[in-house]
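Here is a short briefing on one protein model. Look through the structure first, then take the points below by topic.

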Amino acid sequence: MSDSQREAAGRVYLVGAGPGDPGLITVRGTECLALADIVLYDYLVNSQVLDHVSPHAELVCLGRHGQGRVWPQQEVNERLVAEARAGKAVVRLKGGDPAIFARVGEEAAALRAAGVEFEVVPGITAALAASSYAGIPLTHRDTASAVALVTGHESDKDETALDFQALAAFPGTLVFYMGVTSAEHWTGQLIAAGKSPATPAVIVRRCSWPDQRSVHCTLGTIVQNVAEERIRPPALVVVGEAAALADSDSWFTRRPLFGTRVLVTRPVGQSEPLRRRFSALGADVLLQPAIEIGPPNGWEAVDGALRRLQQFDWLVFSSANGVDYLLDRLCSAHVDLRMLAGLRLAAIGPGTAEELAKYHLKADLVPAEFRAEALAATLAEQAVGQRLLLVRASRGREVLAERLAEAGALVEQVVAYQSRDVSAPDGEIAELLRQGRIDWITVTSSAIARSLAALFGESLRSARLASISPVTSATLRELGFEPASEAAIYTMDGVVEAVLSCSRRNG
């Protein structure tokens with residue numbers, strides 16, 4: 001058992017996941033998730049936060065109101081104690097901050113009574129996120145010298161514990177959590193206690209999520225606005241003079257792809273860079289791998305080629321996956337990179353060259369145009385009579401090998417990895433596509449294009465397709481689908497720019 005595992009065993013971590021944006025969880029929070037044997041999480045937690053959890057950990061959702069069973073607090077407490085006593089590292093993952101209307105006091109008391117060690121890891125609460133993401137200055141030197149966080153949903157009590165006279169006279173900003181369904185009650189109480197119905201207010205729904213909404217109103221019109229705008233939880237309401245200073249559009253909602261939903265179709269383990277690029281531009285990014293990448297059916301051919309590396313003049317990579325699988329196999333065979341001495345390296349594009357650089361290798365040749373035809377044409381000038389080892393997938397076009405052979409090169413191919421179609425789509429994503437609720441789908445290879453057509457069929461027409469290259473676009477057209485945009489530079493950045501350019505043109 002490692003030191004970190006020993007530290008975690010039989011311990012509970014009460015962790016705040018933040019308000020929604022997966023980037024807002026703390027570093028300590030991600031460390032606890034990585035240690036966890038089991039994670040009990042609220043439905044309001046962004047599922048991307050769970051990417052920090054080990055694939056071997058158990059994930060337990062505690063239920064969603066209106067959609068099945070919701071765990072009662074006593075049952076949550078008992079499960080935390082039981083799992084910790086079994087020697088497990090347990091994370092109780094909460095939206096926002098554990099200590100702000102998240103019942104951490106009850107859970108901590110139960111753990112303390114049971115003699116279970118625990119740690120509380122704070123998170124960014126929704127009020128602070130609303131200040132930054134919705135552009136609402138909770139404090140202001142002229143209008144608000146204090147902030148009060150108020151629950152709009154008290155537990156079952158005969159009488160309210162809130163002093164509405166004091167809240168009405170509060171010299172600053174009031175932030176009501178869980179106050180949408182009870183808005184008629186607490187707004188009425190505030191007004192009856194002397195708070196002016198003309199007091200500025202902002203309703204913020206799903207703060208820091210890609211579909212964040214802000215409704216600017218007054219204390220007296222909150223109930224009307226909730227009904228007219230059909231606002232449902234999760235939402236909070238900011239009341240006070242500082243709310244009048246809120247931006248009509250915050251930096252968050254001004255991002256160029258805010259309100260746009262993009263489906264990224266790269267294989268598992270390869271979608272994150274593209275997801276991050278689109279997310280930074282404001283898009284709501286969904287992931288649906290269209291193909292699966294894995295090792296070849298057997299390593300005999302690869303190992304045989306590696307043993308004969310010194311017989312070749314060029315090592316040619318037609319993808320970043322080929323770089324990873326071949327060089328990882330080379331290293332796992334207890335052979336170091338000096339086996340490549342004397343070999344020249346060719347890469348089909350900058351992405352493949354960047355993958356080589358991760359192994360401290362520099363490509364000797366990268367064509368100006370990132371496609372097999374261009375690589376063949378550029379390499380052909382130097383390849384006459386040369387022996388080339390072409391590293392490839394289990395499927396793909398033969399154009400590179402054929403044209404190099406026509407140019408007089410001695411070409412040997414080796415399959416370094418398998419590429420297979422995903423057999424079935426995620427049900428929720430398929431339904432969103434059928435409903436026309438996905439705006440863009442990235443198509444970053446011909447294999448992905450074919451798999452998407454098989455996965456979604458005619459539903460694919462409800463979204464715009466962003467193609468990475470003319471070759472991929474041609475494949476889409478063969479399948480009967482017209483791409484809405486095509487990357488000018490055949491890279492992932494080029495795909496993002498193609499979506500941006502088309503979105504700008506269309507307003």
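**Surface and overall build**

The protein has an accessible surface of about 23800 Å². Carbon and sulfur atoms account for 50% of that surface. The model is predicted.

- The protein contains 18 helices and 20 strands.
- Its C-alpha atoms fill a box of roughly 90 × 55 × 45 Å along the principal axes.
- Of the 507 residues, 49% are buried.
- Take the contacts between residues at least 6 apart in sequence: 68% of them join residues at least 24 apart.

**Charge**

- The protein carries 49 positive and 59 negative charges.
- The mean positions of the two sets are 2 Å apart.

**Helix pair α10 and α11**

- Two packed helices are described by the angle between their axes and the distance between the axes.
- Helix α10 covers residues 300–307, and helix α11 covers residues 320–332.
- Their axes come within 11 Å and cross at roughly 70°.
- That angle makes α10 roughly perpendicular to α11.
- On the α10 side, the residues in contact are Val-302, Asp-303 and Leu-306.
- They meet Leu-326, Arg-329 and Leu-330 in α11.

**Helix α16**

- Helix α16 spans residues 446–456.
- In this helix 9 of the 11 residues are buried, so α16 is largely enclosed by the rest of the structure.
- Ser-446, Ala-447, Ile-448 and Ala-449 are among the buried residues.
- Further along α16, Ser-451, Leu-452, Ala-453, Leu-455 and Phe-456 are buried too.
- The cover over these buried residues includes the strands β13 (291–294), β17 (410–421) and β18 (440–443).
- It also includes the helices α15 (427–434) and α17 (470–478).
- Just after α16, Gly-457 takes a positive phi of about 55°.

**Helix α17**

- Which residues of α17 are buried? They are Val-471, Thr-472, Ser-473, Thr-475 and Leu-476.
- These buried residues pack against the helices α13 (372–383) and α16.
- They also pack against the strands β18, β19 (464–467) and β20 (485–486).
- Helix α17 is part of the cover over the buried residues of α16, and α16 is in turn among the elements that the buried residues of α17 pack against.
- Strand β18 appears in both settings: it helps cover α16, and the buried residues of α17 pack against it.
- Just after α17, Gly-480 takes a positive phi of about 95°.

Key: Residues numbered from 1 in each chain as written. Predicted model: local features only at pLDDT ≥ 70, side-chain atom pairs only at ≥ 80, totals over all residues. Heavy atoms only, no water. Helix = DSSP H or I, 4+ residues; strand = E, 2+ residues; numbered from the N terminus. Buried < 20%, exposed > 50% of the residue type's maximum accessible area, 1.4 Å probe, protein only. Contact = heavy atoms within 4.5 Å. Areas by Shrake-Rupley, 256 points an atom, 1.4 Å probe, with all protein chains shown as cover. Lys, Arg positive; Asp, Glu negative; His and termini not counted. Charge placed at Lys NZ, Arg CZ, Asp CG, Glu CD. Axes fitted to C-alpha atoms, helices over the stretch in contact; angles between N-to-C directions. Parallel < 35°, antiparallel > 145°, perpendicular 65-115°, else oblique.
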